Every structure is written in structure tokens, then in C-alpha cells.
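Student: I would like a close look at a single part of this protein. Please take one helix and work outward from there.

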Amino acid sequence: METALLKKTLNESPAAYAVHNVLNVTSEIGQLKTVLLHRPGQEIENLTPELLERLLFDDIPYLKVAREEHDYFANVLRENGVKVLYLETLAAEAIKDQGVKTQFISQFIDEASVESESLKEALTEYFNSFSNQDLINKMMAGIRREELRDFHRISLYDQVNNLYPFICDPMPNLYFTRDPFATVGNGITMNHMRTQTRNRETIFAKYIFKNHLQFKDAQIPFWFDREEDTSLEGGDVLVLSDTTLAIGISQRTDAASVEKVCRRLFQNNSKFETVLAFHIPSSRAFMHLDTVFTMVDYDKFTIHSEIEGPLTVYEMTKHNGKNGLKIKIEKQDMKLEDILKKHLGRDIALIRCGNGDKIAGAREQWNDGANTLAIAPGEVVVYSRNHVTNKVLSEEYGVKLHIIPSSELSRGRGGPRCMSMPLYRENL
Ligand SMILES: NC(=O)NCCC[C@H](N)C(=O)O
């Protein structure tokens, strides 16, 4: 059904019809046409208190309600003309070919820290017993030790090391589809994530973009690859305009990765002329660039007040020297407002989370009040719980809000932008 939706999208939009142009994101706010989500699954039910810190969760969401909230989010998008695709469906469709499926299972097991050869063999057999969709869901959910009982002769190693309940950890962060890859122009950064738990997520994107019928022959440029040894996460990537890309140097993204993306964009004659590297504090409250500021309109951004600056930004521009491409890097200490004004060519309004109130600001920023998803200029999806920020957005700045419930989804520390990866936006 999701493939049917994707085909429909391609047919509806003449620009997207050409195979080489299945992706198009040249701004943060252009009318959203196609988006990738993941509906929270059994991976959430496999969370236990001991796993939370390592798996980057702050609490255990109640899956039933998390799904209801997520379905509400997806419906808001559909009702506003957005085609919603699901990661889990595309991943299952991408492994239709038996050779691809075999390779995929083997790579998944290699990257899942499975302890022994006998367990790897049992797991391979177990995985092969599922239909493609059930296989993907199962991989995402994690494999409990007792599930392999019928597939596995217990070795001495397994008897000694059988206390940890999982053979493969659950992947609870998958519903934050913003992070494992990022659409930039008509290409993607296929990310190498900071932590092992999240880096495993990028396998699904790899197989989708390399093997899914809708993408594999589309000659999609990769501005970054998951095989890189430096880290890059999609929440740090903001497409400010069709010529300017912003990337955070953050808790999750290395300066070296920003430079690699910049070089590839410039070398491959993309339209991007400037890459701005925002150096933000390395802490959980700041996590990614989109945790502290997101674009809601041509001239409006929601922000965490601690990001106003002055902050250090490295402006990278392209120079064709005698010996080929050169990147000019200029360090600037500027206020956020002035940086954005300089690069967007207009006065900018920064809308503070919690209306600048110290307590409301800290509370609402923690619950992703600054993490809005624009579906059109001046029209954003926001969490209901951030009522102070929402009131300012709507009443003082005239922003059209689509408010979604947020009790359970917010426990994973991500908002509407984190929970979505745009594949196609109309150009402004
Ligand atoms: N772009 C984002 O800020 N994504 C939110 C990711 C939350 C997730 N629990 C994480 O720590 O990676």
C-alpha cells in the first residue's frame, strides 16, 4: 500500500516523476509532499529501566498510546496533503530479492554484536523463518534470548553468558526518522551515527536507497556515507535555503563530517554555495541543532533562548582555485539573528521557547518546544504539551499550528521534526 502511495506521489508531481528526482528538499518550510515516518513498534515494549541510558531513552512510553499519538500525527500530515511513507514498509519492500535479503540479514547480524558463532547461525535460521515484513518488524523489536530456544543447541559459551535478556537489542529510537539519513537537495547524507545503538538504524536506509525499486536507479547522490569513521546525525542538518545548508557541530556530529558533506556538495555541482557549521554545546539538552532551533516561516524560527548567542559559526564557501576546488572557511562569532539575517537576506524573528520565561522555557525546550515540523511556510506541527510556546507562535506571530498529542512520544526526547524525514518538498 505504501508503494502505491509513493507511486501516486510520483505521478502527481511532475517534478518528482523523473526518476532522477525522487527526492527534493531545498528548504525547511516548502510545502511538504512526501515524508518518511516509523510507527512505534514492539521495540518500545522491549525497553527496561536498565537499558534506558544506553538506548538513549529517558522513560518507557506506553506503546498503545504512543501509537495512537503517532497515528494522529500521521493523519494530520495526510489531511494536509502529505503522502506518509513508513520506514518499515519500504525496508520490507527493499529486500524482495532473495540475494539482497540474505546479504541484509548477514549485515544486520554482523552489526548487532551477537556474541557467538552458534548464536549467529541460529539467528540466521530464525530470521529466514519470517515473511519480509515480519522480519523487519522483528529486527526492529529486538530478539529476546528465549526466542531462539528451538533454533539453537546451547553451547558452553551461551550457558555461561545467558543473563542478558537480548540476543539483539531493541531499536526504540527508530521513530525518530530525522536522524539516520537526511535529505539535502536531491541527495541524501547516509549517516554514521554517534552511538552503536543508533548506527544500527542506518542499515534500513542503506537497503532502501540502494535496493528499493523506487530509489535504486534514481542516481541519488550520497553526500555522506555510513561507512565514514566520523559521526553525522540528521537532526543537525537544516536546509535553510536552496543555496545554504546549516549543520550543527554537536554532541552527535563531528566537525570533520561537516567538512566532508560540504566538499561533496561543492564537488558535485549541487546548488549549495554555503555551508554554515554551528558550534553548539555538547549536552543532552542541545543534542542536535534541531533541538535548539527550527524554521517555521520565511522569517521566523523557534529557539531555545540559550542559543541566541553570540555563537561560533564557521561559514564555508566554494572557491575554484588553480589546483581545483578549495573551501574557504571563515570563523564568525555572531548573534543567531544576525547570522540568519545575513544568509536569508531578511529580518528574522526568533521566537523563544516558553516565551523566554526561565522555567517554562527550560521545561518546554526539554519537551521539544523548539522542534517544530513545518508543512508549509508559517504552518507547523507542534506538541500539545508546549502550550506556552504554542500560544506565542499562534497569537503573537500568526503561525498556523497543527497540535498533536504528546504524552508518550515525547518520552524519547524528540519532537515533530525529529519524528519525520521529508523526502519531497515543493521549492519555495
Ligand atoms: N533530531 C533529534 O533531536 N532527534 C531526537 C532523537 C532522540 C533519541 N532518543 C536520541 O537520543 O537519539
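Student: What should the 13 residues of helix α12 (residues 255–267) span at 1.5 Å a residue, and how far apart are its end C-alpha atoms?

Tutor: A caution to begin with: this is a predicted model. Now the helix. At 1.5 Å a residue, the 13 residues of α12 should span 18 Å. The end C-alpha atoms of α12 are 18 Å apart, so expectation and model agree.

Next, the buried side. Ser257, Val258, Val261, Cys262, Leu265 and Phe266 are the buried residues of α12. Their arc around the axis is only 165 degrees, which puts them on the same side of α12. That set packs against strands β6 (187–190), β7 (222–224), β9 (244–249), β10, β13 and β14. After α12 comes Asn269, with a positive phi near 55 degrees.

Three of those strands lead to another helix. β10 (274–279), β13 (311–321) and β14 (324–334) are among the elements that cover the buried residues of α14. The cover of α14 also includes β12 (300–303) and β15. Helix α14 runs over residues 336–344, and its buried residues are Leu336, Ile339 and Leu340. They cover an arc of only 95 degrees around the axis, so they sit on the same side of α14. Just after α14, Gly345 has a positive phi of about 70 degrees.

β15 deserves a stop. This strand covers residues 349–352 and holds Leu350. Leu350 counts as partly exposed because 18 other C-beta atoms lie within 10 Å; the buried class needs 20 or more. Setting aside residues up to four places away in sequence, Leu350 touches Phe301, Ile303, Glu308, Leu336 and Glu337. One of these, Leu336, is a buried residue of α14. Far along the chain is Asn46, 304 residues from Leu350. The C-alpha atoms of Leu350 and Asn46 are separated by 40 Å.

Now the domain layout. Domain 1 takes in 2–85, 172–306 and 350–425, while domain 2 takes in 90–168. Taken over C-alpha atoms, their centres are separated by 29 Å. The contact between them involves 15 residues of domain 1 and 15 residues of domain 2. On the domain 1 side, α1 (2–12), α3 (42–45) and α11 are the elements that give two or more residues. α11 gives the most, with 5 residues. By class, that side of domain 1 has 6 nonpolar, 6 polar and 3 charged residues.

Take Ile203 as a sample from α11. Ile203 is buried, because 20 other C-beta atoms lie within 10 Å. That number just meets the cut-off of 20 or more. Leaving out residues up to four places away in sequence, Ile203 touches Gln107, Phe108 and Glu111. A second pair gives a sense of distance: Ile203 and Leu240 are 37 residues apart along the chain, and their C-alpha atoms are separated by 28 Å.

Phe108 takes us to α6, where Phe104, Phe108 and Ile109 are buried. These cover an arc of only 125 degrees around the axis, which puts them on the same side of α6. The buried residues of α6 pack against α7 (117–128), α8 (132–141) and α11 (202–211). Gly99 and Asp110 are exposed, and they lie on the face of α6 turned away from its buried side. The length of α6 also fits. At 1.5 Å a residue, its 13 residues (98–110) should span 18 Å, and the end C-alpha atoms are 18 Å apart, so the two agree.

One last site comes from a record. An unreviewed UniProt entry places the feature "active site" at Cys418. Cys418 lies in the loop between β18 (400–404) and β19 (421–425). Cys418 counts as buried because it has 26 C-beta neighbours inside 10 Å. Apart from neighbours within four places in sequence, Cys418 is in contact with Phe176, Arg178, Gly235, Asp290 and Asn371.

Back to the start. α12 has its buried residues on the same side, and they pack against strands including β10, β13 and β14. Those three strands also help cover the buried residues of α14.

Methods
Residues numbered from 1 in each chain as written. Predicted model: local features only at pLDDT ≥ 70, side-chain atom pairs only at ≥ 80, totals over all residues. Helix = DSSP H or I, 4+ residues; strand = E, 2+ residues; numbered from the N terminus. Buried ≥ 20, exposed ≤ 12 C-beta atoms within 10 Å, placed from the backbone. Contact = placed C-beta atoms within 7 Å. Expected span 1.5 Å × (residues − 1). Arc of directions from axis to C-beta. Domains from an automatic or database assignment. Nonpolar A, V, L, I, M, F, W, Y, C, P; charged D, E, K, R; others polar. UniProt positions renumbered as here; feature names shortened; annotations may be inferred.
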